[in-house]
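I opened this entry to record what I looked up in one structure. My notes follow the order in which I checked things.

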Amino acid sequence: MVVSMDSMRERDEENMPNAAFRADIVEKLQPGFARATTERGRLGFQSAVQMEEFIFQRTGSREEYFRVVVKLINAMTQARMF
C-alpha cells in the first residue's frame, strides 16, 4: 500500500483539535498571556490567538498539540501568570 503525503496530511488534520476546541484553548491562555506581557514585556507573540496558532501549525499530531498546550498552561500557572 502506497501512502501519499496528502493522505497523511488529511489523516493528521482529522485528528487535530477542531476550531471550537482551539478557541477554548485561546480563552484559557488569554489571562496568562495578558499578565505575562504586562509583567515581563513582549513574549514574541502579539496575542494568545497568535500563540495558539503557532502551536497548532508546529505540532504534527493531536497528542503533540495537547502535550505542548499542557506544558504551556502548566508553565504559566507555576509562574502565577493565571
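These are my notes on the fold, the core, the rings and a loop residue.

**Entry 1, overall fold.** I am working from a predicted model, not an experimental one. I looked up the secondary structure and found four helices and zero strands. Read from the N terminus, the order of elements is α-α-α-α. I then checked burial: the protein has 82 residues, and 22% of them count as buried. For the surface, I noted about 5,900 Å² exposed, with carbon and sulfur atoms supplying 53% of that area. I also looked at how far contacts reach along the chain. Taking contacts between residues at least 6 apart in sequence, 57% join residues at least 24 apart.

**Entry 2, the core.** Which residues make up the largest nonpolar core? I listed eleven: Met16, Ile25, Val26, Leu29, Phe33, Ala48, Met51, Ile55, Tyr65, Val69 and Met76. Helix 2 (19-40), helix 3 (48-58) and helix 4 (62-78) are the elements that each give two or more residues to this core. Helix 2 has the largest share, with four residues. I set this beside the general rule that nonpolar side chains in soluble globular proteins tend to be buried together.

**Entry 3, Tyr65.** I picked Tyr65 from the core list and checked its burial. Its relative accessibility is 0%, so Tyr65 counts as buried. I then asked which residues Tyr65 touches, not counting residues up to four places away in sequence. They are Met16, Pro17, Phe21, Arg22, Ile25, Glu52, Ile55, Phe56 and Thr59.

**Entry 4, the rings.** I searched the whole structure for aromatic pairs and got four. Why is the pair of Phe56 and Tyr65 edge-to-face? The ring centres are 6.1 Å apart and the planes stand at 80°, and the edge-to-face class applies because that angle is over 60 degrees. The rings of Tyr65 and Phe66 have centres 5.9 Å apart and planes at 70°, so this pair is edge-to-face as well. Phe66 is partly exposed, at a relative accessible area of 27%, whereas Tyr65 is buried. Ring pairs link Phe21, Phe56, Tyr65 and Phe66 into a cluster. I also found a charged residue at this cluster: Arg22 lies over the face of Phe56, 3.5 Å from the ring centre. Arg22 is also among the residues that Tyr65 touches.

**Entry 5, Thr59.** Is Thr59 buried or exposed? I read 9% relative accessibility, so Thr59 counts as buried. I located Thr59 in the loop between helix 3 and helix 4. I next looked for polar partners of its side chain. A polar atom of the Thr59 side chain lies 3.0 Å from the backbone oxygen of Ile55. For the backbone oxygen of Phe56, the distance to a polar atom of that side chain is 3.4 Å. With neighbours within four places in sequence left aside, Thr59 is in contact with Met16, Glu64, Tyr65 and Val68.

**Entry 6, Pro31.** I noted a proline in helix 2, namely Pro31. Pro31 has a relative accessible area of 36%, so I recorded it as partly exposed. I also checked its separation from Met76, which is one of the core residues. Pro31 and Met76 are 45 residues apart along the chain, and their C-alpha atoms are separated by 9.6 Å.

Key
Residues are numbered from 1 along each chain as its sequence is written. Side-chain values use heavy atoms; hydrogens and water are left out. A nonpolar core is a set of buried Ala, Val, Leu, Ile, Met, Phe, Trp, Tyr and Cys residues joined through side-chain atoms within 4.5 Å. Buried means under 20% relative accessible area, exposed over 50%, partly exposed in between (1.4 Å probe, protein chains only). Contact means heavy atoms within 4.5 Å. Rings of Phe, Tyr and Trp (its six-membered ring) pair if their centres lie within 6.5 Å; planes under 30 degrees apart count as stacked, over 60 as edge-to-face and the rest as tilted. A charge sits over a ring if NZ of Lys or CZ of Arg is within 6 Å of the ring centre and within 35 degrees of the ring normal. A polar contact is a pair of N or O atoms within 3.5 Å; within protein, one must be able to donate a hydrogen and the other to accept it, and residues adjacent in sequence count only if both atoms are side-chain atoms. Accessible areas come from the Shrake-Rupley method with a 1.4 Å probe; for residues, only the protein chains shown count as cover.
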